[in-house]
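Thanks for sharing this one with me. Here are my notes, written so that you can follow along in the viewer.

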Amino acid sequence: MGQLPKIWTYIFILLITVGFSEAIGIGMFTTEINFEQNLNQNFEAFINNNVGAPIVVELTAQGGLSEYVTFSETNLNIPPGGRMFFSFNLKLPESIPPGKNKIRIGAKDITPATKGGISTKTEIFKPFYVIGPYDGKYVSASLSVPEVFVGTKAPFDLSIEHQGADPINTLAGSVIVRKKSSKGSILATLPITPFTNIQPREKRKTQVIWDFTEQSVGDYFASATISVDGKNQDVSGSSFRIGDLLLKLINYNDTFTKNGITRMEITVRSLWNEPIEGVYAELTVEDLFLKSSEAIINPGVDGSLSLFLDSDALELGKHTGTLTIYYAGKTLKEDILIKIVAVQSSPERMSTQTLLVIVILLLVGINLLLALFYFRRQEKNTKKKK
């Protein structure tokens with residue numbers, strides 16, 4: 001009979017695997033620093049206990065520079081639902097590899113198992129980066145491309161960070177605008193105001209303005225080329241669009257259950273630079289005519305219009321219709337196909353209480369079978385001895 005308690009262990013494992021979420025969370029106040037020779041600095045962090053029982057966690061560090069990390073304490077005892085702060089010390093050598101060196105600061109749940117129970121182990125990590133300088137002159141650059149509208153100008157934001165070890169005397173360059181894509185014809189070459197005397201780890205920003213009065217609504221592409229003390233470097237860009245007083249139909253739900261009044265959500269996007277008021281939708285499907293309430297669609301974002309369809313008024317199957325969006329004296333019309341489907345009966349989800357009852361009944365049955373097997377074996381052994 002000494003083997004029977006193991007069944008409880010298996011059941012508990014099943015329940016814990018299904019029912020438990022992350023027991024711990026980790027937060028950090030600093031996640032990235034620039035390298036300094038022989039740096040010796042403390043950083044603050046904290047651990048959250050997300051369960052209703054006390055836990056013990058072990059602090060740990062992983063990664064290429066983890067050997068330079070020491071913790072204020074190895075283990076933390078955290079009360080139920082509580083938070084505990086800790087610090088870790090980073091003592092760096094004279095040099096490290098260039099670029100982003102990642103250290104994984106982590107915590108592992110090492111709470112002892114209660115008597116007769118089991119312990120679930122959770123381990124979680126957060127990245128901490130040490131930026132090592134490159135030899136010579138190395139610039140990390142990015143170009144921010146906005147969504148713009150007819151009648152305005154396009155501001156391109158260029159950000160640079162000097163990640164090299166030597167000062168840069170002059171950084172110059174230009175933003176290049178092309179038609180449609182990175183392979184399209186060049187429409188404009190816009191000079192960047194030169195930067196001078198850029199020190200290691202220094203960050204700079206500038207803005208280049210494109211006046212596209214002569215251009216029409218459509219898709220464009222912008223990138224940049226910079227020269228770092230005479231050495232050229234490309235800066236990746238992205239596509240952008242010059243918009244107009246225009247709404248674009250993004251999406252709508254086309255399948256409805258034959259179950260009375262159902263919501264139809266229509267998503268539209270404004271390509272205009274001001275809010276568009278009084279936008280509404282009309283839908284005609286056979287003898288049905290539906291109209292949404294009016295909405296305001298803000299610039300450059302998705303907006304929603306709602307129609308309420310009586311699905312019982314339509315037969316099962318596919319139906320053609322016309323969806324029309326009205327806005328600012330304009331219309332956006334599209335022929336659509338909607339589907340009416342039957343109500344699908346689905347089995348009710350088993351409640352936790354019902355699941356627990358079934359598990360207990362299974363447990364009782366297994367215990368009875370094991371007990372019967374045990375007693376029969378004992379009875380056979382007794383007969384053999386006689």
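1. Start with Phe71, and keep in mind that the model is predicted. Phe71 has a relative accessibility of 21%, so it counts as partly exposed; the cut-off for buried is under 20%. Phe88, by contrast, counts as buried because its relative accessibility is 1%.

2. How many aromatic pairs does the count come to? The count is 15. In one of them, the ring centres of Phe71 and Phe88 are 6.3 Å apart and the planes meet at 55°, so this pair is tilted. Phe71 belongs to strand S5 (residues 69–71) and Phe88 to strand S7 (residues 83–91), so their pairing ties together parts of the chain 17 residues apart in sequence.

3. Now widen the view a little. Phe71 and Phe88 are members of one aromatic cluster, together with Phe43, Phe86 and Phe128. Try selecting these five side chains together.

4. Aromatic rings also meet charges here. The charged end of Lys100 sits over the ring of Tyr129, at 4.8 Å from the ring centre. Arg104 lies over the face of Phe125, with 4.0 Å to the centre of that ring.

5. Next, look at strand S16 (residues 218–228). Why is S16 described as largely enclosed by the rest of the structure? Eight of its 11 residues are buried, so the description fits.

6. Which strands pair with S16? One is strand S13 (residues 168–179), which runs antiparallel to S16 and is joined to it by nine bridges. Val177 has Ala222 of S16 as its bridge partner. Another is strand S17 (residues 231–243), also antiparallel, with 10 bridges to S16. There, Ala224 has Val235 of S17 as its bridge partner.

7. Please check the turn as well. S16 and S17 form a hairpin with two residues between the strands, and in this hairpin Asp229 takes a positive phi near 50°.

8. Finally, move to helix H2 (residues 352–385), where you will find Ile360. Is Ile360 buried or partly exposed? Its relative accessibility is 39%, so Ile360 counts as partly exposed. Ile360 joins Leu356, Val364 and Leu368 in a nonpolar patch on the surface. Together, these four residues have about 350 Å² of accessible area.

How values were computed
Residues numbered from 1 in each chain as written. Predicted model: local features only at pLDDT ≥ 70, side-chain atom pairs only at ≥ 80, totals over all residues. Heavy atoms only, no water. Patch = residues over 30% accessible without salt bridge, like charges linked within 9 Å, V, L, I, M, F, W, Y side chains within 5 Å. Areas by Shrake-Rupley, 256 points an atom, 1.4 Å probe, with all protein chains shown as cover. Salt bridge = Lys/Arg side-chain N within 4 Å of Asp/Glu carboxyl O. Helix = DSSP H or I, 4+ residues; strand = E, 2+ residues; numbered from the N terminus. Buried < 20%, exposed > 50% of the residue type's maximum accessible area, 1.4 Å probe, protein only. Phe/Tyr/Trp six-rings, centres within 6.5 Å; stacked < 30°, edge-to-face > 60°. Lys NZ or Arg CZ within 6 Å of the ring centre and 35° of its normal. Pairing = 2+ DSSP bridges.
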